[in-house]
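Dear colleague,

I am passing on to you the structure we spoke about, with the sequence alongside. Please look through it first; my notes on what was found follow below.

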Amino acid sequence: MTSAVPGTLAAFLCFFSLTVNVSDATGQETAAKPEKETTEIKIGYLRAYAPQLTLSMLDLPPRDEGVAGAEVAIGDNNTTGKFTNQKFSLDVTEIKPEGDAVRAFEDMIAKGDRYVVADLSAKQLLSIADIARDKGVLIFNVGATDDSLREEDCRINVFHIAPTRSMLADALAQYLMVKKWPNWVLLYGSHEQDHLYADALRRAATRFGGQIVAEKEFKDTGTARRTDTGATQIQQQISVFTQDLPEHDVVLVADESEVFGTYVPYRTWTPRLVAGTAGLVASSWHPASEQWGGIQMQSRFLKTTSRRMLSKDMSAWTAVRAVGEATTRTKGDDAKKIGDYIRSDDFSVAAFKGQKLTFRKWNLQLRQPILLGDTKSVVSTSPQEGYLHQVSELDTLGVDQPETKCALK
């Protein structure tokens, strides 16, 4: 009788050999499979910078204003990028406030930047806008608040994160009218940007029913503002400057140039509230904002940068996050596809303001709530309750579609 054990052993050894070979082959196949390539997305940051004079030492902008917000957003993008095989980097270039932006911009393009966060003047931004369009580069404006950039000088490749002067003025006007303080005195500086903000306040008054009962221009005579004698001289002028004003509820200040505005509160001839560029100020962000998860953003920014988050930081953060969101959704680094996606109905970006933010199709301005605050806290947020709109309440701030002069090109 023949034993079955040798046959069984032989069958087992044969099966084991086949299993090992198949497993080994599978392992070799797995090892040979290449890892998915990581896409590097380069974002440029072009800023016009020089130390600024301010009437208060507390208002001196930090050296990294704006840039810090962009850097925090790069970190946020890369957190998501680990799962989507995308890596984001930031390339910062500085020029003088009156410098030539074209040469610096072309250098950034040569380095591969296809998305540029721009903290420039309106003139500098326009000088690079058409070059960027022809090169397939998207620009995200975080500095210039000029309405003209969204209207007669609008471009199809320039997205505006910073709110316009008209949005800021409208936000303030809505609040003053809700509080039933309709009679205003307008004090404005003698520089171009002061006149532009004064124009926005006049428009807001007409739009929402406010009455500007008097206006006065404060001439910049070149006084040494940061010296003891210069500061004292301007402070002493305020009381006399406001002495002959008619009855009013609020003093509106338009002093973007930082010549006199900080000295208006508590120094007027009659005791009145102050708003505009001093007192109650409208802005896209506030260092004390805690609503809608804002405390989480504030804490994270403070931990990363060792200072408070300012409006330009938030604008830059939002711009970089918009690129991150669009590249994730489109699953690539094609600037044309990303531009098309950001302009589409599908795009939105969360920015700790209570709702998802989108771009207006007619001028590529970011819709956003505007915070009204003093030096310590957020007083209110516009749009105010009761100001309705057929599309979005956010479109009650700034130039609405029926009013626009923009023809995107």
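To begin with one helix, α10 lies across β3, β4 and β5, and its direction runs at about 45° to that of β4. Please keep in mind throughout that this is a predicted model.

The sheet that these strands belong to is open and has five strands, in the order β2-β1-β3-β4-β5, with parallel pairing. Because β2 (86-95) and β5 (158-160) stand at the edges and have a single partner strand each, one side of each is left without a neighbour in the sheet. From one strand to the next, the twist averages 20°. Within the sheet, β1 and β3 run parallel and are joined by five bridges, and Y45 has V117 in β3 as its bridge partner. Helix α3 (residues 101-110) also packs on the sheet, where it touches β1, β2 and β3, and its direction makes about 170° with that of β1.

Turning to the interior, the largest nonpolar core has 42 residues, and those with the most contacts inside it are I43, Y115, F140, M297, W317 and I342. At least two residues of this core come from each of several elements, including β1 (39-48), β3 (115-119), β4 (138-141) and α10 (335-342), while α9 gives the most, with eight residues. If neighbours within four places in sequence are left aside, the contacts of I43 include I74, F88, L90, Y115, V117, V320 and V323. Another core, of 28 residues, lies apart from the largest one, and among its residues are Y175, M177, A204 and A275.

With best wishes

Notes:
Residues numbered from 1 in each chain as written. Predicted model: local features only at pLDDT ≥ 70, side-chain atom pairs only at ≥ 80, totals over all residues. Heavy atoms only, no water. Core = buried A, V, L, I, M, F, W, Y, C linked by side-chain atoms within 4.5 Å. Buried < 20%, exposed > 50% of the residue type's maximum accessible area, 1.4 Å probe, protein only. Helix = DSSP H or I, 4+ residues; strand = E, 2+ residues; numbered from the N terminus. Contact = heavy atoms within 4.5 Å. Pairing = 2+ DSSP bridges. Axes fitted to C-alpha atoms, helices over the stretch in contact; angles between N-to-C directions.
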